[in-house]
There are 2 protein chains.
Amino acid sequence: MTLDIINAVAEKTPSKIVLLVADGLGGLPHPSTGETELEVADTPNLDSLAAKSALGLTIPVQPGITPGSGPGHLGLFGYDPEVYLIKRGIMEALGIGLSIGPGQIATRGNFCTIDEGGNITDRRAGRISTELTAPLIEKLNSIKVDGCSVTVYPVKDHRFVAVFEGDGLGEDIAESDPQKLGVPPLTLAALSPSSTKMAEAAQQFVAQAESLLSGRDIANMVLLRGFSGFPKVPSMRDLFKLDPVAIASYPMYRGLAQIVGMEVASTGNTFGDELETLESLWGQHDYFFVHYKPTDAAGEDGDFESKVASIEELDSYIPRFLEMGPDVLMIGGDHSTPSVMAAHSWHPVPFLLHSSYSGMERTEGFSEKACARGLLGRFPAKEALPLALANAQKLAKFGA
Amino acid sequence: MTLDIINAVAEKTPSKIVLLVADGLGGLPHPSTGETELEVADTPNLDSLAAKSALGLTIPVQPGITPGSGPGHLGLFGYDPEVYLIKRGIMEALGIGLSIGPGQIATRGNFCTIDEGGNITDRRAGRISTELTAPLIEKLNSIKVDGCSVTVYPVKDHRFVAVFEGDGLGEDIAESDPQKLGVPPLTLAALSPSSTKMAEAAQQFVAQAESLLSGRDIANMVLLRGFSGFPKVPSMRDLFKLDPVAIASYPMYRGLAQIVGMEVASTGNTFGDELETLESLWGQHDYFFVHYKPTDAAGEDGDFESKVASIEELDSYIPRFLEMGPDVLMIGGDHSTPSVMAAHSWHPVPFLLHSSYSGMERTEGFSEKACARGLLGRFPAKEALPLALANAQKLAKFGA
């Protein structure tokens with residue numbers, strides 16, 4: 001699939017597309033019943049919608065590849081997640097609600113512990129608590145480096161984000177975490193000439209950090225990795241002629257939406273708040289990304305029953321989506337998070353597309369199996385958006 | 001699918017993967033019953049395993065393409081069979097148990113018949129028998145050419161393999177078989193400068209062969225084609241971080257496994273021998289390729305009942321595979337060999353993947369139809385290995 005063709009035939013129309021991402025939607029059978037979370041959940045609304053929709057399974061990146069949230073969402077937004085890579089520094093920054101703009105480079109940091117010889121004895125400093133790192137973060141914020149400014153933000157436990165800001169900073173920096181113990185941190189070397197200035201600033205930062213933290217038993221050094229500037233991603237507005245808005249309460253998903261040029265709506269902390277925001281913005285946009293987190297959270301916790309409950313809760317909101325009368329409603333996930341794995345997984349993700357022209361399954365409910373046998377088959381997640389544009393009649397005919 | 005990503009996230013772990021290749025597994029309905037070999041066969045073990053596994057259909061190369069054994073297996077080993085081409089000379093050499101190493105070029109040869117004018121009257125010399133060619137092969141082995149040695153090995157009937165060995169030999173040689181009658185053999189021309197020396201040696205070989213065979217009514221000339229050195233294929237060890245072993249009694253499959261860097265186990269002539277070898281090597285590897293030939297042999301013979309029996313025999317061995325407790329068990333085929341066609345075919349091949357995280361079909365048995373409706377859908381055979389690596393939890397997350 002090439003975006004060139006989509007871009008060439010995309011047209012601006014008033015029709016409205018909703019993408020409801022149930023994070024980590026896909027699951028696996030519970031060993032004792034052989035039924036997945038979606039199969040166990042009582043979902044009258046999703047089931048009756050599925051009968052009037054087309055179902056399929058999305059492959060987030062490649063068969064067998066377990067995606068992080070970045071590639072998982074980029075695919076659903078219509079982008080090839082193997083082409084548009086979102087690096088760790090920017091994801092970590094987005095996760096705590098920072099906006100990274102031009103001239104800024106974000107990097108993920110870890111407090112670590114080194115011995116007298118400078119060799120790493122603990123890459124995570126005993127996962128030192130957020131409270132204990134607060135004063136250390138304050139110390140790091142006193143660091144001055146040549147040619148740019150640097151600001152350090154706490155994330156959680158031993159993790160922080162450092163944002164460098166100035167002219168001429170590049171992101172091609174080798175990471176300092178050697179990923180093993182008994183050796184010193186690696187040099188933050190420039191991997192291309194455009195990143196020389198950044199490398200020098202980063203090395204100064206680390207040297208001063210070591211001196212500021214010296215004398216401590218643990219958390220007496222820092223490791224930096226995933227240096228990243230704002231990703232160069234063409235906007236959904238330009239590529240797809242859409243006027244998109246993101247409605248998500250978690251910072252990371254708001255940040256991901258920003259990367260592809262979505263407007264990001266102010267909203268509250270609950271999914272109910274998100275739905276109210278959607279309803280209030282209904283007249284103002286033609287593409288709405290709505291994010292539902294509890295499915296992933298329950299899956300990550302390995303809590304089968306709680307994931308079932310989160311699916312049932314989502315189901316209860318479906319009528320409100322339909323009442324707004326979207327021309328296209330997509331319900332899918334950025335990846336699977338089976339409770340039995342308590343982690344993201346590679347499994348293709350259930351996907352539903354409802355429009356006047358989607359066709360309809362007529363039978364079965366909404367589940368991994370029904371989707372595996374669905375009208376849409378299995379397809380790369382990046383094809384979902386072109387499919388939605390087509391169903392919303394936003395794509396002109398290709399060729400005479 | 002790019003192997004770069006798989007390679008980047010692949011990790012060495014102790015989990016074990018078994019690939020059981022039932023050669024030519026897929027079939028077609030018998031015209032009088034409408035049921036395929038797999039549907040007719042009584043396979044209680046495969047059926048109950050299928051209910052606890054994920055099913056699909058593998059496309060060996062491309063829709064409509066009937067693969068030989070080379071591309072059929074390379075796909076299942078995780079390689080794109082359109083990128084990694086195994087040429088005829090090397091396949092023929094592997095088929096008779098030769099190992100082709102660096103500095104060697106193997107080529108397929110035919111005895112043929114030419115008339116007094118030097119024009120070909122029979123490209124296969126009446127399919128002259130292996131016994132009758134034995135003394136001719138002996139004559140060919142007396143040939144000396146400049147700058148390298150050449151050894152000729154009988155294959156079957158009119159076919160032989162010639163192996164040239166020396167420095168600076170290339171494989172880019174035009175074949176001498178014009179594929180039609182009434183014209184002389186073509187010149188074995190070098191297609192690139194690196195193959196000039198090889199072309200000269202081959203031309204000397206053919207000229208001397210003509211002189212040695214002159215005066216005979218049939219089989220008085222040779223045709224050469226498919227010049228090939230040892231294929232440059234990255235090893236499974238490097239690509240996938242596996243420690244793979246092949247358990248196959250037939251030389252060709254042992255040779256194919258060698259090409260992708262598998263260790264090749266000593267084993268006996270029966271599938272029972274292969275299983276004993278598997279059991280004895282269980283602790284020593286993390287990937288096991290086990291080859292079952294009778295399904296293909298029966299299909300090639302056009303013997304529907306015999307193919308049914310070969311599937312039932314395979315079924316009886318399944319419990320022994322499960323008793324070893326593989327983390328991932330794949331059962332598939334390198335291609336289909338429907339008895340009603342008595343030949344390899346292009347039909348997608350039934351595929352089963354069983355692991356703790358495979359999901360489960362719960363219904364139906366193991367057949368072409370069940371696989372067509374399965375959780376894995378239809379997919380290129382080259383995606384089977386990444387899927388197995390994922391199920392064996394040997395792939396780290398992609399992206400943050």
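Modeller: Before we start, domain bounds here come from an automatic or database domain assignment. And keep in mind that this is a predicted model.

Biologist: Okay, so which domains does the assignment give for chain A?

Modeller: Domain 1 covers 3-86 + 233-391, and domain 2 covers 91-228.

Biologist: How far apart are the C-alpha centres of those two domains of chain A?

Modeller: They lie 35 Å apart. The contact between them takes seven residues from domain 1 of chain A and six residues from domain 2 of chain A.

Biologist: Which helix gives the most on the domain 1 side?

Modeller: That's helix H9 (residues 251-259) of chain A, with five residues. By class, the domain 1 side that touches domain 2 has four nonpolar, three polar and no charged residues.

Biologist: Switching to the two chains: how many residues does each put into the contact?

Modeller: Chain B gives 23 residues and chain A gives 29 residues.

Biologist: And which elements of chain B give two or more residues there?

Modeller: Helix H1 (3-9), strand E13 (377-380) and helix H14 (384-391) of chain B. The largest share, four residues, comes from H14(B). The side of chain B that touches chain A splits into 15 nonpolar, four polar and four charged residues.

Biologist: Last thing, where is B:Arg216?

Modeller: B:Arg216 sits in the loop between helix H7 (196-213) and strand E7 (221-228) of chain B. In space, B:Arg216 is 9.7 Å from B:Ile114, C-alpha to C-alpha, although they are 102 residues apart in sequence.

Biologist: Why does B:Arg216 count as partly exposed?

Modeller: Because B:Arg216 has 13 other C-beta atoms within 10 Å, and partly exposed falls between 12 or fewer for exposed and 20 or more for buried.

Note on methods. Residues are numbered from 1 along each chain as its sequence is written. Chains are lettered from A and ligands numbered from 1 in the order in which they are written. This is a predicted model: local features need pLDDT of at least 70, side-chain atom pairs count only at pLDDT 80 or more; totals for chains, interfaces and linings use all residues. Ala, Val, Leu, Ile, Met, Phe, Trp, Tyr, Cys and Pro count as nonpolar, Asp, Glu, Lys and Arg as charged, and the others, Gly among them, as polar.
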